Amino acid sequence: MMICGAVLSATLYMSSYSGRFSTFAGMYGLVAGIIIGFIYIYPIAHCYTFFPHRKSTVSGFIISASELGTMICAFIAYDTMNPKNLSIGPTGFFGNEVAMKFPIFLRNLSLLQLALITGGGLLLFDVPIGIKI
């Protein structure tokens, strides 16, 4: 899990330097999406060993926690990239002042993800032998 976290962090960091949208979409969308799938499954399978008769409940909590993190991160991203609360222009996009902060935000996000995924990976442990849950 920590290896996947390091690869995800590196992928996000490198995608912030991409100059073309197709390169960014390939790195951020495809590669990071596959890695997030690996990272997502590991805690679910790990928690199933602790709660074999409560798999639906475990899945619900993990999915809810994941979505809560996404929602919180969206608010942080908006406040970080648009601190002056600028409105969307007539073209339907934010101006350059907001858009140029996106790569910097991705770099900071990659470092935050590396720390959180590594910390979460260190909290995982095996079920002790002889313990029935």
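Buried means under 20% relative accessible area, exposed means over 50%, and partly exposed lies in between. The exercises below use a predicted model.

**Exercise 1.** Determine whether Phe75 is buried or exposed, and which surface patch includes Phe75.

Solution.
1. Phe75 sits in helix 3, which covers residues 55-81.
2. The relative accessible area of Phe75 is 57%, so Phe75 is exposed.
3. Together with Leu68, Met71, Ile72 and Ile76, Phe75 makes a nonpolar surface patch of about 500 Å².
4. For the chain as a whole, about 9200 Å² is exposed, and carbon and sulfur atoms supply 73% of that area.

**Exercise 2.** Describe the fold content and the overall dimensions of the chain.

Solution.
1. Five helices and zero strands are found in the chain.
2. Read from the N terminus, the order of elements is α-α-α-α-α.
3. The C-alpha trace spans about 65 × 25 × 20 Å along its principal axes.
4. The radius of gyration is 18 Å, whereas a compact globule of 133 residues would have one near 14 Å.
5. Of the 133 residues, 22% count as buried.
6. Taking contacts between residues at least 6 apart in sequence, 64% join residues at least 24 apart.

**Exercise 3.** Check the span of helix 5 against the expected value, then state which of its residues are buried and what covers them.

Solution.
1. Helix 5 holds 21 residues, 102-122, and at 1.5 Å a residue it should span 30 Å. The expected span uses one less than the number of residues.
2. The end C-alpha atoms of helix 5 are 30 Å apart, which agrees with the expected span.
3. The buried residues in helix 5 are Phe105, Leu106, Arg107, Leu109, Ser110, Ile117 and Gly121.
4. The cover over these buried residues includes helix 1 (2-15), helix 2 (21-50) and helix 3.

**Exercise 4.** State how many salt bridges a search of the whole structure finds, and place the partners of the pair Glu97 and Lys84.

Solution.
1. The search of the whole structure finds one salt bridge.
2. Glu97 pairs with Lys84, and their closest N and O atoms are 3.1 Å apart. This distance passes the cut-off, because a salt bridge requires the nitrogen and oxygen to be within 4 Å.
3. Glu97 belongs to helix 4 (residues 96-99) and Lys84 to the loop between helix 3 and helix 4, so the pair ties together parts 13 residues apart in sequence.
4. Glu97 has 38% relative accessibility and therefore counts as partly exposed.
5. Lys84 has 59% relative accessibility and therefore counts as exposed.

Technical notes
Residues are numbered from 1 along each chain as its sequence is written. This is a predicted model: local features need pLDDT of at least 70, side-chain atom pairs count only at pLDDT 80 or more; totals for chains, interfaces and linings use all residues. Side-chain values use heavy atoms; hydrogens and water are left out. Patches are made of residues with over 30% relative accessible area and no salt bridge: like charges are joined within 9 Å, nonpolar side chains (Val, Leu, Ile, Met, Phe, Trp, Tyr) within 5 Å. Accessible areas come from the Shrake-Rupley method with a 1.4 Å probe; for residues, only the protein chains shown count as cover. A salt bridge is a side-chain nitrogen of Lys or Arg within 4 Å of a carboxyl oxygen of Asp or Glu. Helices (H or I, at least four residues) and strands (E, at least two) are DSSP runs, numbered from the N terminus. Buried means under 20% relative accessible area, exposed over 50%, partly exposed in between (1.4 Å probe, protein chains only). The radius of gyration is taken over C-alpha atoms; the globule rule is 2.2 Å times the number of residues to the power 0.38. Contact means heavy atoms within 4.5 Å.
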